[in-house]
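Welcome! Take a moment to look over the sequence and turn the structure around before reading on. The report below walks through it one region at a time.

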Amino acid sequence: MPIAVRWLLAAALLLAVTPASAQTPAPPVPAAPPVPRAWKTGDEAAAIERRIDDLIARMTLEEKVGQLNLWGRGDEFRMEWVEQGRTGAVMNFVTPSEIVAVQQHAARSRLRIPPIIALDAINGFATYMPQPLGQAATFNPRLVELASYWSAREARAVGINWTFAPMIDMTRDARWGRVMEGAGEDVHLASILAAVRTIGYHRGGLATSAKHYIGYGEAESGRDYNSVWIPVSKLWDYHMPPFQASLAAGVFTVMTSLSAMNGIASTADRHLVADLLKGQLGFRGFVVSDFESVKELIAHGQAADGSDAVRRAFGAGIDMDMMAGLYDAHLARLVRDGAIPEAAVNDSVRRVLRVKMHMGLFEEAPYDPALARRDLGTAEARAASLEVAREAVILLRNERGILPFKPSVRSVAVIGSLATHQADWQYTENAGLPRVISPRLTDALAAILGSRVRVTSAPAFATHCSLAAGDTAGAVATARAADVAVVMLGEDCEQYGEGTSRAHLDLPAHQQALLDAVIATGKPVVVIMHTSRPFVLTRFIDRVAAVIQAFHLGTEGRTAIAEVLTGRTNPSGKLPMTFPRATGQVPIYYDRLPTGRPRIKNFRYETGYLDESMEPLFPFGFGLSFSRFSFDQLALASASVPRSGTVAGSVRLTNAAGPAGQEVVQVYVRQRVGERSRPVRQLKFFQKVAVAAGGTQTVSFSIPVQSLGYHDDAGRYVVEPGTYDIFVGGDSNAALTASITVTE
Ligand code: NOJ
């Protein structure tokens, strides 16, 4: 895919010219490069198909079914199953000795087919990168690729070769706990990031799994696993593009969703999996179910029992059964009974073997546990974590320029255990591998500010991994004794990801009470929201001096925040999701359709709420800088353009005040009149641009007219002639406008 290739090249170029951070010691560069994963082409690909023919011809039915089982660490699992050829892939083994054991057992199996070894390596293994939503906030594909690369590289160091990532579900509902795994609400941004994440994991040495196919992020009410309803036009315009981008970038596998779309569980959806993904979209890799989702067809009411569930799932095109054990229990018998043709099993086995061969697993040397000591928690990985985190920090409010701290600030109180406790994450902790510690915000601040400024702290909550209420009075006293109070609030390590839906997006009561008490001291308060999703900030936003949004920024996240507080880093992060004023506004997103009754005169019979504005608190794409940027001189290359053409233009970006900084130039488009109602605006181009203090940059953009269309209810793509409005600026309220006519 051209865009993915473009970004990969751009990433390589930028990596080559980006100077190492001044604060980071020179990294000891590990000796051998990791094995990149990529589909082979031409003669090599043809030779692989012949090799698969030969192998399948020598396999028993049981050995074939064995390749379609994904087992994992757990009470039931027996290592002998690997030796017996009952295991195509394993998951959740994270210690080097376990990986060695799996490989040794596979080497003793009759056909010696190597298993794929999988893990949810989402944003790191030992050194953590910002969560994917935080990565998206950088609006910098190069950094997102880098974060994926390092997540893969470290997982690879413990013998993992397949990640259950990228999660590329579109997410407009902050109540859904998994918004942190995706790229937010915008389909253009998400599609570019889906491609670069796929490429980054491959470059780091892991095969990928695009998930969750499809529509999981639309879970009704934001309640995880809930039903999803998506019309055909929205499926194609909104949910499919990131999958198409990941497929084009060479994703190896696709995982179905735990949810049911339009009344059919994804794991039983023959139309979406067999016909569309494998047929129409030409996907050559294999499709894996989600965790026990084959078995869950019974709970969905779409299968009577385990055998029926296999019939449905396998019939829909699900090649591999994750953790349900039902293919193992029933598939061979269903083939012998004639209920499932052996040719279909052969096709699934071919897909699994194809992925293994294109990954190069058959040729790979046995895993060497020395890699874990060499490649985990390197200074290079930490430098990458810091580089990404710096651009992921989003400044939402900065009254009277409280930030960065002025020389008059002689003492800073840091409050909240998210800032005052050391943190590391579970994989290395549980695996007995070296721990990679995330510095406290207090230490990071003290290291920058030196002895000139006194940094004090009060945890106020239990630990970095539990925000249960603690010593509020102590925290208030600490704030009172300082010039500025920095309060870190939000969600702890048990409050994001799968199964963490929220009905309330406000701060929990005890956190709000703590914040109110600190505000009552009269000291200027800087709030850092350490959350995995947009929260409602309305209750305090006007009463604090500054707010920083940090979507769990990883190992060096607190260093990056300290750099922003002190002005060492000029923030450039932008919101990848709209921030609501109230939970009742959710789902709220910028690219909505207009209504027949827009809010103009502010009266009852216009769209809106009795008790709340319909505007968000902060729009998509918003984020402040210490620089003051302005846009002008928007110019289009022509007043009209044919459907086969490109909307080309330029805009001048000025850094009118403040230090050198980066701004994200965002170009939105609206089709004024169409056969269908079209979104009020849609992001079609963005570029992060560095501008020197007082400097200007003329930024050119080009948008293929073919990208301005939409799908109708039959799934046909149309680009209509007519007038299209262009909006350019630094967020989705971009005010500079022009228009262009698209001709036949
Ligand atoms: C269930 C999750 O939905 C999926 O994303 C994950 O990859 C699997 N569990 C395996 O951990």
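## Two cis peptide bonds

Pro404 sits in the loop that runs between strand S11 (394-398) and strand S12 (411-415). The peptide bond joining Leu403 to Pro404 is cis, with omega about -10°. Please keep in mind that this is a predicted model.

A cis bond is also found between Ala165 and Pro166, where omega is near 5°. Pro166 belongs to the loop between strand S4 (162-163) and helix H8 (187-204).

## Two positive phi angles

Most residues other than glycine have a negative phi, and most peptide bonds are trans. With that in mind, here are two residues to look up.

Asn92 is not a glycine, yet its phi is positive, at about 70°. You can find Asn92 in the loop between strand S2 (89-91) and helix H5 (96-107). Is Asn92 buried or partly exposed? Its relative accessibility is 26%, so Asn92 counts as partly exposed.

His552 has a positive phi too, near 30°, and is likewise a residue other than glycine. His552 lies in the loop between strand S18 (546-551) and helix H22 (557-566). With a relative accessible area of 7%, His552 is buried.

## Around the ligand

Which residues surround the ligand? They are Met91, Asp120, Phe164, Arg178, Lys211, His212, Met255, Leu258, Asp290, Phe291, Met322 and Glu498. By type, this shell divides into six nonpolar residues, one polar and five charged.

Three side chains of the shell place an N or O atom at a short listed distance from a ligand oxygen, as the table shows.

| Residue | Ligand atom | Distance |
|---|---|---|
| Lys211 side chain | oxygen | 2.8 Å |
| His212 side chain | oxygen | 2.6 Å |
| Asp290 side chain | oxygen | 2.6 Å |

Taken alone, the ligand would expose 290 Å², and the protein buries 92% of that area.

## The nonpolar cores

In soluble globular proteins, nonpolar side chains tend to be buried together. In this model the largest nonpolar core has 77 residues, and the members that touch the most others are Leu70, Trp162, Tyr213, Tyr327 and Leu331. Helix H14 (residues 342-359) is the greatest contributor to this core, giving seven residues. Apart from this core lies another one, of 76 residues, including Leu441, Val487, Leu537 and Leu565.

Tyr213 is a good place to look inside the largest core. Beyond its neighbours within four places in sequence, Tyr213 is in contact with Met240, Phe243, Val254, Met255, Thr256, Ser257, Ser266, Leu272, Val273, Leu276 and Leu277. One of these contacts, Met255, is also among the residues surrounding the ligand.

## Four buried residues to visit

Begin with Asn69, which is in strand S1 (residues 69-72). How does Asn69 count, as buried or exposed? Asn69 is buried, because its relative accessible area of 2% is under the 20% cut-off. A polar atom of the Asn69 side chain lies 3.3 Å from the backbone nitrogen of Asp328. Leaving aside neighbours within four places in sequence, Asn69 has contacts with Arg86, Thr87, Gly88, Ala89, Met320, Asp321, Tyr327 and Asp328. Tyr327, in this list, is one of the members of the largest nonpolar core that touch the most others.

Val518 is part of helix H21 (residues 509-519) and is buried, at 0% relative accessibility. Outside its neighbours within four places in sequence, Val518 contacts Ile415, Val476, Ala479, Ala485, Val487 and Val525. Val487 is 31 residues from Val518 in sequence, and their C-alpha atoms are 8.5 Å apart in space.

Ser307 lies in helix H12 (residues 306-316). It is buried as well, with a relative accessible area of 16%. Apart from neighbours within four places in sequence, Ser307 is in contact with His330, Arg333 and Leu334.

The last stop is Gly709, in the loop between strand S24 (696-704) and strand S25 (710-711). Gly709 counts as buried, at 9% relative accessibility. Setting aside neighbours within four places in sequence, Gly709 touches Arg678, Tyr717, Val718 and Val719. Where is Ala147 relative to Gly709? The two are 562 residues apart in sequence and 32 Å apart in space, from C-alpha to C-alpha.

How values were computed. Residues are numbered from 1 along each chain as its sequence is written. This is a predicted model: local features need pLDDT of at least 70, side-chain atom pairs count only at pLDDT 80 or more; totals for chains, interfaces and linings use all residues. Side-chain values use heavy atoms; hydrogens and water are left out. A residue is near a molecule or strand if one of its heavy atoms lies within 4 Å of it. A polar contact is a pair of N or O atoms within 3.5 Å; within protein, one must be able to donate a hydrogen and the other to accept it, and residues adjacent in sequence count only if both atoms are side-chain atoms. Accessible areas come from the Shrake-Rupley method with a 1.4 Å probe; for residues, only the protein chains shown count as cover. Ala, Val, Leu, Ile, Met, Phe, Trp, Tyr, Cys and Pro count as nonpolar, Asp, Glu, Lys and Arg as charged, and the others, Gly among them, as polar. A nonpolar core is a set of buried Ala, Val, Leu, Ile, Met, Phe, Trp, Tyr and Cys residues joined through side-chain atoms within 4.5 Å. Buried means under 20% relative accessible area, exposed over 50%, partly exposed in between (1.4 Å probe, protein chains only). Contact means heavy atoms within 4.5 Å.
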